[in-house]
Amino acid sequence: MATGRTHRPATRSRGIPEATVARLPLYLRALTALSERSVPTVSSEELAAAAGVNSAKLRKDFSYLGSYGTRGVGYDVEYLVYQISRELGLTQDWPVVIVGIGNLGAALANYGGFASRGFRVAALIDADPAMAGKPVAGIPVQHTDDLEKIIQDNGVSIGVIATPAGAAQQVCDRLVAAGVTSILNFAPTVLSVPDGVDVRKVDLSIELQILAFHEQRKAGEEAAGDATPVPAAATRAKSTDQGPDGDVPAVMPA
């Protein structure tokens with residue numbers, strides 16, 4: 001089976017927009033669920049709803065793949081699974097290293113979805129000498145001193161960084177120098193990489209902050225909706241009919 005070092009996805013050379021590439025995994029996830037239920041075909045409307053996009057955007061995205069569906073029938077589910085998997089480079093084996101085996105790194109190592117989606121965790125790496133040799137998800141942790149050799153021996157081109165922020169850039173530099181050209185960064189920091197290296201950042205705290213913003217806005221809208229406006233006529237009557245003590249006119253007739 002080919003490895004990630006010998007082949008790169010063809011999406012860029014074929015001119016598929018990055019926004020479309022970002023939606024392909026959503027379509028693949030929805031299609032895989034349909035395939036597991038033995039659904040043979042799906043309409044653009046049904047698939048778009050399952051993926052969380054509108055059907056016009058889905059049809060446009062699939063046109064970049066050369067898939068247009070059949071009027072009155074829809075799209076062949078199995079063929080689309082294969083087509084999108086091929087476009088994403090998932091019909092081959094992609095060895096991955098995870099650097100930083102704390103709570104998050106260990107959770108990633110134990111994630112069962114990698115293998116089913118074309119990714120093989122080739123090595124777990126950590127700077128703590130006490131972690132060396134300790135099995136996590138059935139894989140013995142190796143020390144960062146051996147990082148370059150591990151990458152070369154396994155033909156790794158994708159690295160996952162799950163270290164503390166202060167160590168992330170140094171780890172990134174070593175990964176890149178060893179030949180890694182794609183990095184998934186879970187560390188809460190922005191990485192600097194040379195041209196030709198792709199970085200995808202996953203920051204859970206940022207996602208929570210965005211959700212907090214929406215929750216605050218919804219709470220504000222609910223509070224505004226609950227407030228009962230005072231009619232202008234009533235306001236005027238109150239200001240002219242009551243005196244300083246609130247129960248006698250401010251100006252008595254002569």
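Me: Contact means heavy atoms within 4.5 Å. Leaving aside neighbours within four places in sequence, which residues is Asn 185 in contact with?

Reply: This is a predicted model, in which local features need pLDDT of at least 70, side-chain atom pairs count only at pLDDT 80 or more, and totals for chains, interfaces and linings use all residues. Residues are numbered from 1 along each chain as its sequence is written, and side-chain values use heavy atoms, with hydrogens and water left out. Asn 185 is in strand S8 (residues 182-185); helices (H or I, at least four residues) and strands (E, at least two) are DSSP runs, numbered from the N terminus. Beyond its sequence neighbours within four places, Asn 185 is in contact with Ile 161, Leu 191, Val 199, Arg 200, Lys 201 and Val 202.

Me: Is Asn 185 buried or exposed?

Reply: Buried means under 20% relative accessible area, exposed over 50%, and partly exposed in between (1.4 Å probe, protein chains only). The relative accessible area of Asn 185 is 1%, so Asn 185 is buried.

Me: Which residue has the backbone oxygen that the side chain of Asn 185 reaches?

Reply: Asn 185 has its place in strand S8. At 3.0 Å, its side chain reaches the backbone oxygen of Thr 189.

Me: Where does Ser 38 lie, and what is its phi near?

Reply: Ser 38 is in the loop between helix H1 (18-36) and strand S1 (41-42). With 63% relative accessibility, Ser 38 counts as exposed. Most residues other than glycine have a negative phi. Ser 38 is not glycine, yet its phi is positive, near 60°.

Me: What is the phi of Ala 137 near?

Reply: Ala 137 sits in the loop between strand S5 (135-136) and strand S6 (139-143). Its relative accessibility is 40%, so Ala 137 counts as partly exposed. Its phi is positive in a residue other than glycine, near 55°.

Me: Which element gives the largest share of the largest nonpolar core?

Reply: A nonpolar core is a set of buried Ala, Val, Leu, Ile, Met, Phe, Trp, Tyr and Cys residues joined through side-chain atoms within 4.5 Å. This one has 23 residues, and those touching the most other members are Tyr 27, Leu 31, Val 42, Leu 47, Leu 58, Phe 62 and Ile 84. Two or more residues come from each of H1, helix H2 (44-51), helix H3 (55-65) and helix H4 (77-87). The largest share, seven residues, comes from H1.

Me: Which residues does Ile 84 touch, not counting those up to four places away in sequence?

Reply: Ile 84 is among the core residues that touch the most other members. With residues up to four places away left out, Ile 84 touches Leu 24, Tyr 27, Leu 28, Leu 31, Phe 62 and Leu 65.

Note on methods
A polar contact is a pair of N or O atoms within 3.5 Å; within protein, one must be able to donate a hydrogen and the other to accept it, and residues adjacent in sequence count only if both atoms are side-chain atoms.
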